[in-house]
Amino acid sequence: MFLGRVKGSLVLNTTLPALIGKKLRVVEEVDATDPNKEGNLFISFDYVGAGENQLVVYEGGPESAYAFYPDMTGSDANILAIVDSIDL
């Protein structure tokens, strides 16, 4: 699992039926030791209702969709949780 920060949303005009109603977010990779450092951006499904600028936990790769079996869609990343705090 990895940390990320929601930077925005992605709105689709036309999509496959399996993606209708799914939320897509633009997420920035976050380093837990330096959360203010800029990271790479990527697109992720949001199943937990994360808001803009919230820290989230996501899983990457096709295996990340297994959490939603049998309703799996092809994805490279899925937001699984919203982070309240980080204590190191």
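**Group meeting: a walk around a five-stranded barrel**

Okay, let's start with the overall numbers: the protein has 88 residues, and 33% of them count as buried. Keep in mind that what you're looking at is a predicted model. On the outside, the protein exposes about 5800 Å², and carbon and sulfur atoms supply 52% of that.

So what is the chain built from? Five strands and zero helices. If you read along the sequence, you just get β-β-β-β-β.

Now the fold. The five strands close into a barrel, and the order around it is β1-β2-β3-β5-β4, with mixed pairing. From one strand to the next, the twist averages 55 degrees. As a reminder, strands of a sheet pair through backbone hydrogen bonds, either parallel or antiparallel. Here's one pairing to look at: β3, residues 41-46, runs parallel to β5, and two bridges link them. If you want to find the spot on screen, go to F45, whose bridge partner in β5 is N78.

How about contacts along the chain? Take the contacts with a separation of 6 or more: 53% of them are between residues 24 or more positions apart.

Let's go inside. Which residues make up the largest nonpolar core? There are eight of them: V6, V27, F42, A50, V56, Y58, A77 and I79. Two strands, β4 (55-60) and β5 (77-82), each supply at least two residues of this core. There's also a second, separate core of five residues, and V30, L55, V57 and V83 are among them. In general, nonpolar side chains in soluble globular proteins tend to be buried together.

I'd like to pause on V56, from that eight-residue core. If we ignore its neighbours within four places in sequence, V56 is in contact with F2, L3, G4, V6, V27, A50, I79, A81, I82 and V83. Two of the names on that list, V6 and I79, are core residues we just met.

Next up, the aromatics. How many aromatic pairs does a search of the whole structure find? Three. In one of them, the rings of F42 and Y58 have their centres 4.7 Å apart and their planes at 45 degrees, so we call the pair tilted. F42 lies in strand β3 and Y58 in strand β4, so this pair ties together parts that are 16 residues apart in sequence. F42 and Y58 are both buried. Then we have F45 and Y47, with ring centres 6.0 Å apart and planes at 35 degrees, so that pair is tilted too.

Is F45 buried or exposed? F45 has a relative accessibility of 7%, and the cut-off for buried is under 20%, so F45 counts as buried. Y47 comes out at 30%, so Y47 is partly exposed. One more thing on the rings: F2, F42 and Y58 form one aromatic cluster.

Last stop, the start of the chain. Where is M1? It's in the segment before β1, which covers residues 2-10. M1 has 68% relative accessibility, so it counts as exposed. Even so, M1 does have company: leaving out residues up to four places away in sequence, it touches V57, Y58, E59 and L80. And look over at S64: M1 and S64 are 63 residues apart along the chain, while their C-alpha atoms are separated by 9.2 Å.

That's the tour, thanks!

Key: Residues are numbered from 1 along each chain as its sequence is written. This is a predicted model: local features need pLDDT of at least 70, side-chain atom pairs count only at pLDDT 80 or more; totals for chains, interfaces and linings use all residues. Side-chain values use heavy atoms; hydrogens and water are left out. A nonpolar core is a set of buried Ala, Val, Leu, Ile, Met, Phe, Trp, Tyr and Cys residues joined through side-chain atoms within 4.5 Å. Buried means under 20% relative accessible area, exposed over 50%, partly exposed in between (1.4 Å probe, protein chains only). Helices (H or I, at least four residues) and strands (E, at least two) are DSSP runs, numbered from the N terminus. Contact means heavy atoms within 4.5 Å. Two strands pair if DSSP finds at least two bridges between them. Axes are lines fitted to C-alpha atoms, for helices over the stretch in contact, and angles run from 0 to 180 degrees between N-to-C directions. Accessible areas come from the Shrake-Rupley method with a 1.4 Å probe; for residues, only the protein chains shown count as cover. Rings of Phe, Tyr and Trp (its six-membered ring) pair if their centres lie within 6.5 Å; planes under 30 degrees apart count as stacked, over 60 as edge-to-face and the rest as tilted.
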